[in-house]
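Please load the model in your viewer, with a cartoon for the backbone and sticks ready for side chains, and follow the selections in the order given below.

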Amino acid sequence: MSQTETMQNKVAGYLTGAVLATAWYGSTAALLTGLPAQTVPLAGAIVISALTPAFFLRRRKKFAGQQPIVSPAQQLRLLKTHTMVNLVDTNNLLIEVNDLLLDATGYSREELIGKPVSMLYADASAPLADEIRDLLRQGKGWQGQTPLRSRDGTTCITQTTIMPLFDENGAWIGSISARTDITKTTQLLAERDTALTLHELRDDIWIVDEASETIDYMNRAAKRRFGWSDDSYAGTTLTQMAENHECSAIYEACLSLKKSGDSFRRVNIAVGERTFEISINWLHRGTLRSRFLIMLNDLTDRVAQEQQQADFISMVSHELRSPLTSIKGSMGLLLSKAAGELTPKAEGLLEIAHRNADRLVLIINDILDMEKISSGHMDFEIKEADLSEMVREALRANATAHQRFGLNIKCNGIDTPNMVETDANRIIQVLTNLMSNAAKFSKPGGTVEITVNKVNGGLMVSVRDEGVGISVSDHHKIFQRFADMSNSDRAVKGGTGLGLSICKVIVEGLGGTIDFESREGYGSTFTFTLPGKLRHGGTDIDAPILRNVG
Amino acid sequence: MIKLLHVEDDADIREIAKMALELSGDFEVMQCECGEDALALTASYTPDVLLLDMMMPGMTGRQTLEKLRENPVFDAIPAIFMTARAQPNELEELRSIGATEVISKPFDPMSLSDQIKAAIA
């Protein structure tokens, strides 16, 4: 074989390898999934691109002397008609490009020859180009996906094989690249991945043709729920589903969505014995064939778990409060002399026990409230109620503490009704907490002033004391849980350190704000606001009518 | 004197409530430890007010009230529940079946009589 023929054989071998490897990669990547999809196409492509040139040369040598049926030049020409080919020298300057590459990029041959190959790559590919050049210099080939930039700035994705070229003495003289446009394949793969994701979703997916109301598609979870295999659901209508599978609510939700003209609706619906959150997308814009995309999220286990949690709270609440009722009740009766006179020492000890039983009740209430907050079960019962009456109720609940500390209580703005839409019992809880704090941290004989004002269509309540105040360094954590845990007075003053954080959740949950001003040594003023009317956000609000009478 | 029927399974709480109410001098207290006993007693006794524990073995306070309400004589008698539970939906249900007031446990024995009188006033 002449030197020219050998060179042509080499080039033809590399190109054949590149084309075969690209074809292998494209077809196997589209067919395989999972781990094989990541390994088999690449490994196969590398093997094919490495072995084909050697096989090609050996075959040529075997048939050397015989008249080839198709000459290497013809084969090279043939290959060039099926793939984009370019040759570069050792400086990465283009020395040859075929017509397919010109067609794909929009450049003329004159615009490319002698120019750096990097002009065909998107800017972000520069590091990759350097990496490939290093490999080629070492005599290694490279295969992968590269974005190819066209003259008009658009980019297509190509599956590329690049092999180094050497002269007779083994010196590196450049490289040859073969590229196949896989933009469409990539899009198809992405669409396939989306379809696979939908198919494997834990939630049920239905796609329903709007006109015929027949089910076009069900994913694996949906088919499993109804005991169907493959496409046995084909032709089933929503009406049949409603009749046979107790899911008429889904059909009605679709009809209702269509009637409303909206594109999306989310509803909770019972299907058989299970509870679902149903999301319906009405895909009717920009398409000739309108469809409903229905997603069923099974809430049954979550609902059961929430019920278990609620039952647990209820049980703990009952089991702790019942013995406390007897303890507190007995001590209360003894202190009221219901069982006769007590010695001063006995009375003092009983008062300590009674006060600490009160603390225990508050701790249990706070912990149960925090549990409700953590699990999202802090519900409210909104009704129009008189804030003035709530203040009086909280004053009654704090009367004992106020007497104990000899406090002077002043009230402003509660002589007339102050109507507000709120959860009265929760606001009484907030007021009781703020008044209790004011009493605990007041000096004996100090004044606690409660003021109600009308502000911006709502109401503002402030509870001011002349107590020890809060140091500036503690201001930032005052509404945090266990805010006063570090306070050495806590054991004496009582409380869990949860009260103010609970107040904040309650007030904000009722649409208001809570804040405070304090100066160490001069006292504190806690202020909260409530809107006059609540905007009901669709949350069904129901709530306790429990009253702290202990 | 206000005739009050107290149904409560916890003997200690029964004793404390009875002592607290009788101490006020305004109540004549009859007590039962379960709903079944209350139904038997009310065949021959009609109180002015019912004080029912909510969570009792056997018939609950709610079931007891529903049974009592089947008798027209008990249709208008105010019913007050005492509860150590804190489930809002249950309290709503109690109000829907005609509970006049719900008092949470632990209660203050010294203000119990005033609370009941205020509820039935």
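Begin by selecting B:Lys67, which in this predicted model has a relative accessibility of 43% and therefore counts as partly exposed, since that class lies between the limits of 20% and 50%. Add B:Glu70 to the selection, and you will find its side chain meeting that of B:Lys67 in a salt bridge, with 3.9 Å from N to O. B:Glu70 itself is exposed, its relative accessible area being 57%.

Staying in chain B, show helix H3, which spans residues 61-69, and pick out B:Arg62 and B:Glu66, both of which lie in this helix, four residues apart, or about one turn of the helix. Their side chains form a salt bridge as well, at 3.3 Å from N to O. Coloured by accessibility, B:Arg62 comes out as partly exposed at 27%, and B:Glu66 is likewise partly exposed, at 33%.

Now move to chain A and select the five strands of its open sheet, which follow the order E7-E6-E10-E9-E8 with antiparallel pairing. Which strands stand at the edges? They are E7 (215-218) and E8 (264-271) of chain A, and because each has a single partner strand, one side of each is left without a neighbour in the sheet. Looking across the sheet, you can follow a twist that averages 20° from one strand to the next.

Narrow the view to E8 and E9 (residues 274-283) of chain A, which run antiparallel and are joined by eight bridges. One place to look is A:Val271, whose bridge partner in E9(A) is A:Arg274.

On the same two strands, display the side chains of A:Glu277 and A:Arg266, which form a salt bridge whose closest N and O atoms are 3.9 Å apart. A:Glu277 belongs to strand E9 and A:Arg266 to strand E8 of chain A, so this pair ties together parts that are eleven residues apart in sequence. A:Glu277 counts as partly exposed, with a relative accessibility of 22%.

Next bring in helix H10 of chain A, residues 248-260, which lies across strands E6 (204-209), E8, E9 and E10 (291-298) of chain A and runs at about 160° to E8(A).

To finish, show all the charged pairs: the search of the whole structure finds 26 salt bridges over all chains. Among the residues to select are A:Asp204, A:Arg225, A:Arg274, A:Asp298 and A:Asp301, which are joined into one network by salt bridges that share partners.

How values were computed
Residues numbered from 1 in each chain as written. Chains lettered and ligands numbered in written order. Predicted model: local features only at pLDDT ≥ 70, side-chain atom pairs only at ≥ 80, totals over all residues. Heavy atoms only, no water. Pairing = 2+ DSSP bridges. Helix = DSSP H or I, 4+ residues; strand = E, 2+ residues; numbered from the N terminus. Axes fitted to C-alpha atoms, helices over the stretch in contact; angles between N-to-C directions. Contact = heavy atoms within 4.5 Å. Salt bridge = Lys/Arg side-chain N within 4 Å of Asp/Glu carboxyl O. Buried < 20%, exposed > 50% of the residue type's maximum accessible area, 1.4 Å probe, protein only.
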